[in-house]
Amino acid sequence: MHRSELRSYKIERLDFVNKTEGVKKLELTHKYSYNVGYSNINTCSGEFTAEVFDKNAPEEFRINITVVAIFSTAPGSQKEMLHLETYDALFPYVKALVSTVTASAGIPPVFIPYIDISDKNIYRVELPHKPDDGR
């Protein structure tokens, strides 16, 4: 059952550096960050940041992209489930953007790997409730 639907997305930030010279084998590594902001009107926004860079020379090759998306959500959906579902919905767009940018730069396209976050802890900070001490 889908609890969310992608309504729109945009590239908020794109930083691409390709200063490699000649034929060079890159040892690419990647990092992802995904955050969701929730509203009371059955929508949420997801912010996906992907960083891909040469492990040995990140100053010569790197791509950083941040994509922000708006999702409509089903009433009463659990935040943890929305987090997983919206990540899965947005990931293919981020993957396609990274490969398109790199292919358009005249190099073999870079394909970022999918990371299944369903088995990862999703951290939510809950502030402790302080009882009213009558002051």
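This is a short talk on one protein chain, its strands, its helix and its salt bridges.

Good morning. The model is predicted: local features need pLDDT of at least 70, side-chain atom pairs count only at pLDDT 80 or more, and totals for chains, interfaces and linings use all residues. Residues are numbered from 1 along each chain as its sequence is written, and side-chain values use heavy atoms, with hydrogens and water left out.

Start with the layout. The protein chain has one helix and four strands. From the N terminus, the order is β-β-β-β-α. Helices here are DSSP runs of H or I with at least four residues, strands are runs of E with at least two, and both are numbered from the N terminus.

Now the whole chain. It has 135 residues, and 30% of them are buried. Buried means under 20% relative accessible area, exposed means over 50%, and partly exposed is in between, with a 1.4 Å probe and protein chains only. About 9,100 Å² of the protein chain is exposed, and carbon and sulfur atoms supply 52% of that area. Those areas come from the Shrake-Rupley method with a 1.4 Å probe; for residues, only the protein chains shown count as cover.

Next, contacts, meaning heavy atoms within 4.5 Å. Take the contacts between residues at least 6 apart in sequence: 69% of them join residues at least 24 apart.

On to the strands. Strand 2 covers residues 28–38, strand 3 covers residues 43–54, and the two run antiparallel, joined by eleven bridges. Two strands count as paired if DSSP finds at least two bridges between them. One bridge partner to look at: Ser33 is matched with Thr49 in strand 3. Four residues sit between the strands of this hairpin, and Asn42 takes a positive phi near 60 degrees.

Now look at Leu82. Which element holds Leu82? Leu82 lies in helix 1, residues 79–104. Leu82 is buried, at 4% relative accessible area. Setting aside neighbours within four places in sequence, Leu82 contacts Arg3, Ser4, Tyr38, Thr73 and Ser77. Take Ser4 from that list. Leu82 and Ser4 are 78 residues apart in sequence, yet 6.8 Å apart in space, C-alpha to C-alpha.

That brings us to charge. How many salt bridges does the structure hold? Four. A salt bridge is a side-chain nitrogen of Lys or Arg within 4 Å of a carboxyl oxygen of Asp or Glu. I will show three of the pairs.

Pair one is Glu85 with Arg3, with the closest N and O atoms 3.6 Å apart. Glu85 lies in helix 1 and Arg3 in the segment before strand 1 (4–18), so this pair ties together parts that are 82 residues apart in sequence. Glu85 is buried, at 13% relative accessible area. Arg3 is partly exposed, at 21%. Recall that Arg3 is also among the contacts of Leu82.

Pair two is Arg62 with Asp15, with the closest N and O atoms 3.5 Å apart. Arg62 lies in strand 4 (residues 61–73) and Asp15 in strand 1, so the pair ties together parts that are 47 residues apart in sequence. Arg62 is partly exposed at 26%. Asp15 is partly exposed too, at 27%.

Pair three is Glu5 with Arg7, at 3.5 Å, N to O. Glu5 is partly exposed, at 43% relative accessible area. Arg7 is exposed, at 55%.

That is the tour. Thank you.
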